[in-house]
Structure formats: C-alpha cells, structure tokens
Protein chains: 2
Amino acid sequence: MNEFKLIDRYFNWACYHSVSLGVGDDCAVIDATLHTQTVTSVDTLIEGVHFPKNTSAADIAYKALAVNLSDLAAMGATPKYFTLALTLPELNEAWLSEFSEALKQLSGEYKLDLIGGDTTKGALSITINIIGEVEVGRALLRSGAEVDDFIYVSNVIGDAAYAWQQIEQGDRPSDFCLERFNRPTPRVTLAQELVGVANACIDLSDGLQQDLSHILKRSKVGANINIDAIPLSDEVSSYINTTQDWCIALAGGDDYELCFTVPEARINALKMIEKNLGMTLTKIGVITTNQSLDIKGLDKTCTSYQHF
Amino acid sequence: MNEFKLIDRYFNWACYHSVSLGVGDDCAVIDATLHTQTVTSVDTLIEGVHFPKNTSAADIAYKALAVNLSDLAAMGATPKYFTLALTLPELNEAWLSEFSEALKQLSGEYKLDLIGGDTTKGALSITINIIGEVEVGRALLRSGAEVDDFIYVSNVIGDAAYAWQQIEQGDRPSDFCLERFNRPTPRVTLAQELVGVANACIDLSDGLQQDLSHILKRSKVGANINIDAIPLSDEVSSYINTTQDWCIALAGGDDYELCFTVPEARINALKMIEKNLGMTLTKIGVITTNQSLDIKGLDKTCTSYQHF
C-alpha cells in the first residue's frame with residue numbers, strides 16, 4: 001500500500017463544512033468569504049529522510065518553508081500565514097538562531113506571517129502548515145486537465161534527485177545540484193500567472209512520473225510524454241547520456257518545479273508569461289483519452305519515491 | 001532558556017497581515033471577514049514524551065486531536081477543520097485502522113473536518129493543526145484578566161500527572177487516572193459558554209502554576225491562590241494527603257481543564273453555566289495587582305513541565 005492508498009483508505013471522509021477540496025490535491029480549499037477561498041497544506045521534513053544529517057540549520061529552515069510554499073504555488077494561491085511545529089533533540093541556541101534567521105528571511109520574501117507553533121523534544125523534524133488565499137474558483141487543481149492539453153514543466157528537473165543519489169552513495173554533489181536540492185525555488189509567481197491559463201497544475205515533489213499520474217487520475221485522462229523533450233540541466237543531461245538512467249528525471253523528486261497542462265488556445269498567453277518571467281517552460285507531451293501514462297523512449301520502469 | 005523564551009527570542013516577529021494575535025496565546029487569531037476571525041493552533045505529540053510507548057493507536061489519535069481541541073476551546077472558538085502530519089516508523093494497517101477510527105469518531109463529535117495532511121517515515125509523532133472560528137473580538141484571551149477577578153478551574157486537576165508519574169515509576173495507574181491521561185475532555189462547550197463571562201482563559205496543558213502564570217504575565221497582574229481550594233479527585237486528594245506532594249496538582253500538566261478569571265459582577269452568570277452544564281467550576285483564588293503568583297499553603301517550589 002503506497003501513501004496515496006493509505007490516505008484514501010484511512011483519512012478521506014465526508015466533510016461537515018464548506019470544504020471545496022479536502023484530502024487529495026496539493027492543498028485543501030475552504031470557502032472563506034464570497035470572494036476568497038482559504039488554501040492550506042502541511043508538510044513534514046525529517047532528518048535522514050528528507051535531508052541528510054549534516055544539513056545546515058539555515059538550509060533545513062529554507063527547505064521546510066519552501067516545500068510548503070511550493071504546495072500553495074501549485075494551487076495558484078497567495079501565501080499568507082504559517083505555523084511551525086519544531087521537534088529538536090536538544091536546545092541549541094546557535095542552531096536555533098541560524099534556523100530562525102533563514103526562516104524569517106524566506107517568509108519575508110513572500111510576506112508570510114508565522115502565527116503559531118509548538119516546540120517539542122525528539123528526533124529532528126519540522127512540520128509547517130501553510131495558509132493562503134485564492135479568488136473563488138480560481139485555484140489550479142489537479143483535476144482540470146483536458147484531452148489535447150499540452151503538458152509543460154518549468155525550468156529543468158532531476159538535479160535534486162541527482163544530488164540526493166550522490167549523497168547517498170557517499171559522493172559530493174556539485175554546488176549547483178546541492179543548491180537545487182537544499183534551496184528549491186517555490187514557483188509562486190509563475191503559478192499565479194498560470195491562473196486562467198493552465199487547466200491543471202502540480203508541483204514536482206515525488207517525481208514527474210508519480211506527480212503527473214496524480215493529474216491524470218484526478219482528471220480521468222492519460223498522457224503521452226516524449227522523453228527527449230524533458231528539460232535537463234547540462235549536468236543531469238550528461239549523467240543520463242552516460243548511464244541512460246532516465247529515472248533520475250522521471251522518478252526523482254525534490255525539484256519543486258511545476259508540471260501543468262495548457263490548452264492550445266492559451267499557448268500564446270503562456271508564451272507571454274515565459275517571456276515576462278524570463279523562465280523556460282518546456283512542452284513535454286500531450287493529454288490523451290487513454291487513461292495511462294505513456295513515456296515514449298523509455299525502455300524500463302522507474303520506481304517512484306515511496307513514503308513507506 | 002525555557003520554551004517560552006525560546007519562542008519569544010527566535011519565532012516572534014512583526015506581521016505583514018491582519019493577525020490580531022500571533023505567537024503567544026493558546027491560538028493565533030486572524031481577521032477573516034468583518035464578522036469572524038480565524039483561530040488556529042498546532043500541537044505535536046511524540047511517543048515517549050507525550051505518551052508512553054505502549055499507548056494504543058486509538059488513545060494516541062484521541063489525545064492528539066483532543067489537545068488541539070483544547071487549545072481552540074481555551075479561546076472560546078468553534079472548531080472547524082484540521083490537518084494531520086503523521087510520522088510512522090512503519091506502515092501497519094491494523095494500527096492505522098484503529099488510529100483512523102478513533103480520529104474520525106472524535107472529530108465527528110465536534111463536526112471537525114480533516115482537510116489535509118502528510119505522512120512520513122520516522123519516529124512516531126503526530127502533529128495536528130486545528131482551525132476554528134470566533135466572532136470578531138469575542139475570543140477568550142490570556143491577556144484579559146483584571147484585578148479582583150476570581151480565578152476558576154473546571155472539574156478536578158492532577159489526575160493525568162498522577163497517572164504519568166505512576167507509569168514513569170513502572171506502576172499501573174487506576175483506570176480513572178489513566179482515562180484522564182489518555183482521554184482528556186476538551187472543554188469546548190464550557191469555553192463557548194464562557195465567552196462574554198470570563199475575562200481571561202487558558203487550558204491546563206503544562207500545569208496550573210505555569211499556565212496561570214501565562215495569564216498573569218499577559219494581563220500584567222498577579223494572583224493569590226488558596227491551595228486548599230484546588231479541586232482534586234478523591235484519588236489525587238488521598239495521594240496528596242499522604243505525601244504532601246501538591247506539585248502533582250500545581251505543576252503536573254495534561255489535564256486540559258480550563259483555568260479562567262471572572263469578575264464579581266458576572267458570578268451569577270457563571271453559576272448558571274455551571275448548573276446548565278452540570279459541571280463543577282471551583283474558585284481557587286483572586287487576581288491581584290502585585291504581578292506575582294502567591295500560593296497560600298504551599299511551602300515548597302514546584303518544578304513545572306519544561307519542553308527541553
């Protein structure tokens with residue numbers, strides 16, 4: 001049983017209140033006022049699971065907040081507030097000071113308020129619950145993809161997984177890949193621009209194959225992906241050329257780029273966004289009717305990240 | 001440095017948004033609409049710290065939600081939604097099924113929606129972020145106590161700490177005390193009745209001495225407590241009579257009863273509440289000007305619960 005079946009089996013009940021979207025998308029969406037919806041998400045990072053043991057307090061703080069910002073981004077929402085549940089093995093003031101500074105800096109960039117929290121003693125872990133807002137009906141959902149939509153990915157993918165693989169093997173990743181792993185950029189601005197342009201959107205936390213499958217399942221569609229179109233950095237491209245290990249880009253997570261679908265009629269609008277933001281958005285395939293994910297050019301099966 | 005200094009030093013910044021109350025009360029309060037405020041709080045329970053290793057999945061689920069409900073209760077707020085971040089050492093379906101059932105049952109009692117979550121692999125811990133609502137300006141705050149207010153405690157206190165102490169010593173607590181420890185009743189109904197009657201309120205999670213001190217500090221007042229007035233169960237009363245260990249009631253946490261202050265003019269209203277709810281509310285002292293907590297009849301210093 002994977003995480004998604006687990007959630008569906010044990011934690012997916014009917015709602016009592018005006019919850020537009022409960023368990024199962026990047027965030028939950030609650031009707032707040034006539035004009036706005038409250039969007040919320042929670043993510044836990046655990047030492048040794050989501051970041052290696054020797055990660056700096058500043059990098060941990062950055063990533064803990066960034067992955068939550070990324071979930072909000074994937075909805076096209078504006079970040080507003082967050083709570084922090086911090087579990088620490090000991091009270092280390094130097095560590096806390098560095099953690100706090102980095103958290104304050106990143107939250108300040110997005111005018112995000114820390115409004116509450118809890119500190120407990122135990123194995124190092126950080127749980128952030130982020131709260132944002134979106135105009136009613138404007139959230140970017142996993143369920144909106146339509147047949148013939150083009151599928152896009154922002155920037156490049158695979159760098160974070162490549163860094164993680166090298167760390168696991170006892171090698172030192174390049175500064176570039178380590179930065180991509182430790183300091184992913186949440187695509188908040190891009191996602192806000194995609195509202196009204198993209199039909200569906202998700203952030204790539206568990207890997208393209210698994211995350212795109214969530215869009216397909218929720219939208220009840222399929223996809224054809226052209227493996228040669230997947231955008232890669234020079235470093236990951238060179239690694240894949242040597243090893244043919246496409247799974248680093250398909251099943252490696254932690255990039256926090258966006259994967260989204262856009263109908264042909266709005267491609268010009270998308271090109272304007274690309275130009276305005278100075279960001280590369282790459283078409284990697286198309287939505288189909290056949291309810292499966294076909295990756296042209298891949299001659300093996302990649303094992304996606306499993307939470308258990 | 002205790003938890004409260006830690007929070008104040010590292011996690012208490014100015015806010016960007018309409019946060020009526022940020023870090024430092026039972027919950028944060030955000031202006032949601034002209035008429036309602038959003039109230040939110042987060043609490044983590046860790047195996048071996050907040051519950052013993054052999055605690056049942058059902059008891060863990062119950063307590064994880066109950067302590068968060070208790071924080072909302074202490075604000076006089078109505079619970080609406082929660083998110084769950086669940087860290088598990090392994091995927092055990094029997095455990096998950098029991099956990100899920102208990103969580104569903106307690107959340108159903110309060111018409112509380114589970115709207116999102118995260119599951120991760122690691123040492124067992126549960127972080128719940130609860131979200132509720134209160135009418136604008138009606139939240140019960142720690143900061144509202146006024147000189148000459150009477151100080152009250154709901155029901156009895158000390159049972160949970162007595163159970164915990166026995167478990168730590170390898171003894172088996174009575175069913176009564178174990179139930180009070182594992183299954184505290186969040187005082188949601190009482191607190192909602194106290195809106196407009198009590199001037200200040202807090203839930204007793206860390207022990208009367210420490211939690212009442214938060215009210216005193218925030219309200220810039222002091223208190224005189226009469227130790228003989230503190231409401232005790234027969235079992236704890238008998239234990240204290242034998243040992244003179246008043247600290248079990250003063251510094252032991254985990255009862256999740258409410259401590260609140262009421263001005264003399266509203267004592268009759270309070271007596272009506274007591275009668276309607278069939279619940280004992282005991283006057284234990286009075287708010288004073290002298291900015292210290294004086295406990296008449298206590299001839300030693302109790303060490304309150306420290307998070308580190």
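Is Leu96(B) buried or exposed? That opens the first of these exercises on a predicted model.

## Exercise 1. Place Leu96(B)

Task: decide whether Leu96(B) is buried or exposed, and find its surroundings.

Solution.
- Step 1. Find the element. Leu96(B) sits in helix α3 of chain B.
- Step 2. Apply the cut-off. A residue is buried if 20 or more other C-beta atoms lie within 10 Å of its own. Leu96(B) has 20 C-beta neighbours inside 10 Å, so it counts as buried.
- Step 3. Look within the chain. Ala57(B) is 39 residues away along the chain, yet the C-alpha atoms of Leu96(B) and Ala57(B) are separated by 7.4 Å.
- Step 4. Look across to chain A. Leaving out residues up to four places away in sequence, Leu96(B) touches Leu6(A) and Tyr10(A).

## Exercise 2. Relate the two chains

Task: state which operation lays chain B on chain A, then describe the contact.

Solution.
- Step 1. Superpose. A turn of 180° with a shift of 0.0 Å along the axis lays chain B on chain A, at an RMSD of 0.0 Å.
- Step 2. Name the symmetry. This is the relation of a two-fold axis.
- Step 3. Compare the surfaces. Both copies use the same surface: 100% of the contact residues of chain B recur in chain A.
- Step 4. Count. Chain B puts 53 residues into the contact, and chain A puts in 53 residues.
- Step 5. List the elements of chain B. Those that each supply at least two residues to the side touching chain A are α1 (3-10), β2, β3, β4 (78-88), α3 (93-109), β5 and β6 (125-135).
- Step 6. Pick the top contributor. β5(B) gives the most, with 9 residues.
- Step 7. Sort by class. The side of chain B that touches chain A has 26 nonpolar, 19 polar and 8 charged residues.

## Exercise 3. Trace the sheet in chain B

Task: give the strand order of the open sheet of 6 strands in chain B, and identify its edges.

Solution.
- Step 1. Write the order. The strands of chain B run β1-β2-β3-β6-β4-β5, with mixed pairing.
- Step 2. Find the edges. β1 (19-21) and β5 (113-121) of chain B each pair on one side only.
- Step 3. Add the twist. Neighbouring strands of this sheet are turned by 20° against each other on average, direction ignored.
- Step 4. Inspect one pair. Strands β2 (residues 28-31) and β3 (residues 36-46) of chain B run antiparallel and are joined by 4 bridges. Asp31(B) faces Gln37(B) of β3(B).

## Exercise 4. Trace a sheet in chain A

Task: order the strands from β8 to β12 in chain A, then find the partners of β11(A).

Solution.
- Step 1. Write the order. This open sheet of 6 strands reads β8-β10-β7-β11-β9-β12 (chain A), and its pairing is mixed.
- Step 2. Find the edges. β8 (200-203) and β12 (293-296) of chain A each have a single partner strand, so one side of each is left without a neighbour in the sheet.
- Step 3. Add the twist. On average, neighbouring strands here are turned by 25° against each other, direction ignored.
- Step 4. Take one flank of β11(A). β7 (residues 150-154) and β11 (residues 281-288) of chain A run antiparallel, with 5 bridges. Tyr152(A) has Lys283(A) as its bridge partner, and Phe150(A) stands opposite Val286(A).
- Step 5. Take β9 (residues 222-226) of chain A. This strand is antiparallel to β11(A) and joined to it by 4 bridges. Asn224(A) stands opposite Val286(A).

## Exercise 5. Find the hubs of the core

Task: name the residues that touch the most other members of the largest nonpolar core.

Solution.
- Step 1. Recall the trend. In soluble globular proteins, nonpolar side chains tend to be buried together.
- Step 2. Name the hubs. The core has 204 residues; Leu140(A), Cys201(A), Leu140(B) and Cys201(B) touch the most other members.
- Step 3. Follow one hub. Beyond four places in sequence, Cys201(A) touches Ala74(A), Gly76(A), Leu140(A), Ala191(A), Leu194(A), Leu258(A) and Phe260(A).

## Exercise 6. Contrast two positive phi values

Task: locate Gln244(A) and Asp254(A), and classify the burial of each.

Solution.
- Step 1. Gln244(A) has phi near 60°, positive in a residue other than glycine. It lies in the loop between α8 (234-243) and α9 (247-250) of chain A.
- Step 2. Gln244(A) has 11 other C-beta atoms within 10 Å, so it is exposed.
- Step 3. Asp254(A), also not a glycine, has a positive phi of about 75°. Its loop runs between α9 and β10 (258-262) of chain A.
- Step 4. Asp254(A) has 25 C-beta neighbours inside 10 Å, so it counts as buried.

Methods. Residues are numbered from 1 along each chain as its sequence is written. Chains are lettered from A and ligands numbered from 1 in the order in which they are written. This is a predicted model: local features need pLDDT of at least 70, side-chain atom pairs count only at pLDDT 80 or more; totals for chains, interfaces and linings use all residues. Copies are superposed by least squares on the C-alpha atoms of residues with pLDDT of at least 70 in both. Two residues are in contact if their C-beta atoms, placed from the backbone, lie within 7 Å. Two strands pair if DSSP finds at least two bridges between them. Axes are lines fitted to C-alpha atoms, for helices over the stretch in contact, and angles run from 0 to 180 degrees between N-to-C directions. Ala, Val, Leu, Ile, Met, Phe, Trp, Tyr, Cys and Pro count as nonpolar, Asp, Glu, Lys and Arg as charged, and the others, Gly among them, as polar. A nonpolar core is a set of buried Ala, Val, Leu, Ile, Met, Phe, Trp, Tyr and Cys residues joined through C-beta atoms within 7 Å. A residue is buried if 20 or more other C-beta atoms lie within 10 Å of its own, exposed if 12 or fewer, and partly exposed in between; C-beta atoms are placed from the backbone.
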